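Have the model open in a viewer, with a selection box ready. The stops below say what to select next and what is there.

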Amino acid sequence: MNLAIKKRDGIAVVTVDNPPVNALSQALRQDLLTAAETLDHDSDVQAVVLICAGRTFIAGADVNEFGKPPMPPHLPDVVARIEASRKPWVAAIHGSALGGGLEIALGCRFRVAAASATLGLPEVRLGIVPGAGGTVRLPRLVGPALAADLVTTGKPISATEARSQGLVDALIEHDLEDGAVAFARSTLQHTLPLPLRERAVAAVDDGFWGTTTKAVAARSKREEAPLRALACVRKAAEVDFDAAMAFERETFLYLRGSSQAAALRHVFFAERGAARPPELAGVRARDVRSAAVVGGGTMGAGIAATLRDAGLPVILVERDESAVARGLANLKSIYDGAAKKGRISASAAAEKIGGVTGTTDYRALADTDLVIEAVFEDLDVKRQVFALLADNCREDAILATNTSYLNPQEIAAEIRGQDRFLGLHFFSPAHVMKLLEIVPTAGTAPEVLATAFSLARILGKIPVRAGICDGFIGNRILKVTRAQAERLLLSGATPAAVDAAMRTFGLPMGPFEAQDLGGLDIAGFQRRAARGRGETPFAPIADRLCEMERFGQKTGGGWYDYAKGDRTPQPSPVVASVIAEAARGLAQRDWSEEAIADCIILPVVNEAAAILDEGIALRATDIDLVKIHGYGFPRWRGGPMHYAEYRGLNDVVDRLEQLSRDGLATPPCDLLRRAAKAGGWAEINQG
Ligand code: 3HC
Ligand code: NAI
């Protein structure tokens, strides 16, 4: 049994207990249906409280069942049965009431909640729409505007907000069960409100649907579910309850089988898998209660903000007093920006800034649990910093570098206590980007690695373990993206065509626009360093633009030209002639958007497969997370590895062979061929 029933003086308390998150498995649906039947016929029972054991109320349908044929009883029938009950049901919510969980609560006559609870319909995050009346009952309770917002964004709201919007009938301050039972008893004194199916949807202003549709379309771009979710809410406002339910169900079943839903489910499980690497099972993480950042530049300030957002006190170390002041000003501008956009109150911003102490004195770090270094990308400078840290920090303090390209092993080579050292590679802006590459060295203790993963969770980051190579996982793949983009230019495509094709594929920006935004100089510097090491990076056109000091928007021109004060990229005749010069004698062709995307994405998959083969990434899913959370790869495509597998690895191999025959890519690597033969990434032994 996934639920237990007890009686408290005429009030039945139905306690759902289906760990970890009380998801609505087939067995639980059956138990709820049976409970509704039984309690309706129990003359001792006047009202029912539905409450959950464990960390949360029902967090939704069981996502594990989504790939399988639907099994009765179906959730809409369970909700309908609860709604039709002869006794009032009261949902008592703690943790999260999400998706099917909220739909069950909407079937109840009342909802009460702990103030810390959240409620939402996050189905669009999984590429679907609510499938058990969420889009039909919610607008009947809170009106179409809030319902449309909740179902199209998938964002949950707090119980306090839900209370003010009428989604929750009462907030319970102390014991939830006691409070809910008392509330249930109190309802017996009054006439019951109508069940939601019998209520009407409030009218909306003229033009509401048109304006909202435009806004949702602009926001969701090529994601299918948000607009369809909006269509369901609109249907609920325009037709009767049963017709709206039928429309929602049809939409739900269609989307459940879609490629976008498969991709988003893949990402859902990949994210949860990433947070708990099996190789660290049973290894205890240390507590991190205080942190320091060395270097208050772009990255240091962002990392300090991330740490503050998680409530940790932070010490910011810089090389001199004026740099300390600059570092603190960088941090302040992050929070001022957030306050200006209304994301944070002025007082909360002041509290965050106040929690950072700036200093030049490493002795201030004597009792700090974790130090993250983000100084210049220079081996000697970093080594000096770590020597000071080793001398001044506690022996069990964890010491991390945020280097992008240097070898953490070399940075740590001379410090005492190498077991507490590792790379923590944040992405810019560090307080926004979710990806955190965790880079252990040969000497990193498992406990320190486990602490890095638990830190990621505290910081709300997606952790991915990366091995040591030039660029770790993400930046190594980025180099391939850029090289392929240049190969396309040499064979007839324009920068604008390449960027447009990648936007059509789903990226927020094409590779050339992105370089103009970030600046071409940093990569140019990396290439010079690589050549110094005897490597041969491929970037003939970018090299030429760097020689011309066309570094991007900041110099008024890069891959594109920019008018003063205008960030709109304009095709550049100068760049066109650089390309023509570099492409002289090479075969030119017409490129379709699809062919352009293939010429970039498939070599990315090939490089990713090589990264897997070398053990730089442990799982294909980790690479998907790197690309989604660090580089804007569309979540609804599931990441490059999922995309390749969904499309068919044999097709990927064939296309890559063709590209390689045309001199436009390297041939498929051994692991990619093996995965194609085996039928998937998970099917091969990755050693
Ligand atoms: N189904 C199955 N398993 C689920 C699940 C679900 N809906 N939600 C979470 N889990 C599992 C996770 O996979 C994880 O399993 P693991 O321990 O084996 O890795 C475990 O529960 C804990 O999850 P988290 O690590 O995410 O735990 P948190 O405490 O950080 O977060 C949560 C809890 C807020 C409930 C979060 O898990 C969450 O947001 N879950 C998704 C909720 C959701 O999307 N619900 C809608 C489902 S679709 C639906 O209901 C359709 C309906 O309209 C018909
Ligand atoms: P930055 O130049 O903006 O900031 C570096 C800061 O370090 C400066 O404020 C400088 O005063 C300080 N500093 C230099 N030497 C110091 C010392 N000895 N002691 C204390 N402070 C010192 O550089 P940025 O961009 O923040 O990069 C920092 C590190 O983060 C580099 O290793 C870089 O490769 C890495 N990184 C950068 C990313 C980016 O997009 N900018 C992304 C991810 C990592």
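Select ligand 2 in this predicted model and show its shell, which by class holds 11 nonpolar, 10 polar and 3 charged residues. The shell counts 24 residues in total, and those that come nearest to ligand 2 are G295, G297, M299, S404 and S428. Now colour helix 12 (298-309), helix 13 (321-340) and helix 15 (379-392), the elements that give two or more residues to this shell. Which helix gives the most to the shell around ligand 2? Helix 12 does, with 3 residues.

Keep the view and turn to the sheet with strand order 12-11-10-13-14-15-16-17. These 8 strands form an open sheet with mixed pairing. Its edges are strand 12 (356-359) and strand 17 (462-465); each has a single partner strand, so one side of each is left without a neighbour in the sheet. From one strand to the next the twist averages 25 degrees.

At the strand 12 edge, select strand 11 (residues 314-317) as well: the two strands pair in the parallel sense over 4 bridges. One pair to label is V317 with its bridge partner T359 in strand 12. Then add helix 17 (residues 446-459), which lies across strand 14 (398-401), strand 15 (421-426), strand 16 (435-440) and strand 17. Helix 17 runs at about 175 degrees to strand 16.

Next, colour by domain. The protein is divided into domain 1 (3-257), domain 2 (288-465) and domain 3 (474-683). Taken over C-alpha atoms, the centres of domain 1 and domain 2 are separated by 42 Å.

Select ligand 1. Which residues are closest to ligand 1? They are A59, G60, A61, G99 and G131, out of 25 residues that surround this ligand. Strand 5 (96-98) and helix 3 (100-107) each supply at least two residues of the shell. Divided by class, the shell around ligand 1 has 12 nonpolar, 8 polar and 5 charged residues.

Now select the strands of the sheet ordered 1-2-3-4-6-9, an open sheet of 6 strands with mixed pairing. Strand 1 (3-8) and strand 9 (170-172) are at the edges with a single partner strand each, so one side of each is left without a neighbour in the sheet. On average, and with direction ignored, neighbouring strands here are turned by 25 degrees against each other. Strand 9 pairs with strand 6 (residues 110-114) in the parallel sense over 3 bridges. To see a bridge, label V112 and its partner in strand 9, A170.

Go on to helix 9 (residues 225-238) and helix 10 (residues 241-256), whose axes come within 8 Å and cross at roughly 170 degrees. That angle makes helix 9 roughly antiparallel to helix 10. Show side chains for A225, R228, C232, K235 and A236 in helix 9, which meet A244, F247, E248, T251 and L255 in helix 10. This contact has 6 nonpolar, 1 polar and 3 charged residues.

The last stop is helix 25 (residues 620-631) with helix 26 (residues 640-647). Their axes are 7 Å apart and the helices pack at an angle of about 120 degrees, which means that helix 25 is oblique to helix 26. A620, I623, D624 and K627 of helix 25 make the contact with P640, M641 and H642 of helix 26. By class these residues divide into 4 nonpolar, 1 polar and 2 charged.

How values were computed:
Residues numbered from 1 in each chain as written. Chains lettered and ligands numbered in written order. Predicted model: local features only at pLDDT ≥ 70, side-chain atom pairs only at ≥ 80, totals over all residues. Axes fitted to C-alpha atoms, helices over the stretch in contact; angles between N-to-C directions. Parallel < 35°, antiparallel > 145°, perpendicular 65-115°, else oblique. Contact = placed C-beta atoms within 7 Å. Nonpolar A, V, L, I, M, F, W, Y, C, P; charged D, E, K, R; others polar. Near = placed C-beta within 6 Å. Pairing = 2+ DSSP bridges. Domains from an automatic or database assignment.
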